[in-house]
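Please open the model in your viewer with a cartoon representation and keep the selection panel at hand. The tour below moves from one selection to the next and says what is to be found at each stop.

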Amino acid sequence: MALDSRLIVLSVMALLGFACSAPALTLVKDGQPASVIVLAQDSTASAKAGAEELQYHIKKMSGADLQVVTADKVPSDAATALILIGRSALTDKLGVDLSTVPAEGYLIKTVGNALVLAGDDAGGEGKSAADIMGGDVRGGSLFAVYGLLQDHLGVRWIWPGPTGESIPKRATIE
C-alpha cells in the first residue's frame, strides 16, 4: 500500500473515532453544579472518603459545591449527571461488574448519564477512612476518585496538606 493510501486510511479511522466517541458528561457548568455524588445507603468507608475527597476538590477547582446523596434520594431531573461512588443498587442496575476488579483496583466508567467510580472495597463496611490508610480495608473506590482527579482533571499533590495541592481552576468540568 502506498504511503498516501495509508495516510488516508489512518485519517478516516481517526475521524470515525472522534465521531463515535461518547459526548462529554458535564459535572459542573459555569461554576454551578450539573451533577450529584451518589452513595449506597450502606456505603463503605472507601466510598464515603471518596465522596468527601471529590466534593472538596471539585469545590476548590470550580467553586461548585456538589451535593452528596444516597441512592434513594437521587434527583429525578434527567439533566443532572450522577457520580456513583462505590457499588450500589444503581451500579448493579447499570450492569457495572466489579467481580473482575483486582484487589485495591478500580474502574472509572461512564454509563449513560452516570460516571461510575468504584473498586474493590472489601472489608470496608462500617469502617473509617483511617482504616483504609492503615491497610485494614481495601480502598478501591477512594482510589477511583484519586484516579479521576489526577489522570482526568489534572489535580496533583506535591506534598501533604493544602499548600501541596495543585488544583487547576476551571468553571466547567466535563
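Two strands are said to pair if DSSP finds at least two bridges between them, and that criterion underlies the bridge partners named further on. The model is a predicted one.

Begin with the whole chain, coloured by secondary structure: the protein holds 5 helices and 9 strands, and along the sequence these follow the pattern α-β-β-β-α-β-β-α-β-β-α-α-β-β. Of its 174 residues, 40% count as buried. Among contacts between residues at least 6 apart in sequence, 65% join residues at least 24 apart.

Next, select residues 81–85, which make up strand β5. Since 5 of the 5 residues of β5 are buried, the strand is largely enclosed by the rest of the structure. In a regular strand the side chains alternate between the two faces of the sheet. With side chains shown, you will find A81, I83 and I85 on one side of β5 and L82 and L84 on the other, all of them buried, so that both faces are covered.

Keep β5 on screen and add its partners. Strand β3, residues 35–39, runs parallel to β5 and is joined to it by 4 bridges; here I37 stands opposite I83. Then add strand β7, residues 114–119, which also pairs with β5 in the parallel sense, over 4 bridges, and in which L117 is the bridge partner of I85.

Now move to the helices and select α2, residues 45–62, together with α5. Their axes lie 7 Å apart and the helices pack at an angle of about 20°; an angle under 35 degrees counts as roughly parallel, and α2 and α5 are therefore described in that way. Their crossing is right-handed. To see the interface, display S46, A47, A49, G50, E53, L54 and H57 in α2, which meet G140, S141, L142, V145, Y146, L148 and L149 in α5.

Stay with Y146, one of the α5 residues in that interface, and add W157 for the last stop. Which kind of aromatic pair do Y146 and W157 form? The count of aromatic pairs comes to 1, and this pair of Y146 and W157 is edge-to-face, with 5.5 Å from centre to centre and 75° between the planes. Y146 belongs to helix α5 (residues 140–152) and W157 to strand β8 (residues 156–157), 11 residues apart. Both rings belong to partly exposed residues, Y146 having a relative accessible area of 25% and W157 one of 32%.

Technical notes: Residues numbered from 1 in each chain as written. Predicted model: local features only at pLDDT ≥ 70, side-chain atom pairs only at ≥ 80, totals over all residues. Heavy atoms only, no water. Buried < 20%, exposed > 50% of the residue type's maximum accessible area, 1.4 Å probe, protein only. Helix = DSSP H or I, 4+ residues; strand = E, 2+ residues; numbered from the N terminus. Phe/Tyr/Trp six-rings, centres within 6.5 Å; stacked < 30°, edge-to-face > 60°. Axes fitted to C-alpha atoms, helices over the stretch in contact; angles between N-to-C directions. Parallel < 35°, antiparallel > 145°, perpendicular 65-115°, else oblique. Left-handed = near helix turned anticlockwise from the far one by under 90°. Contact = heavy atoms within 4.5 Å.
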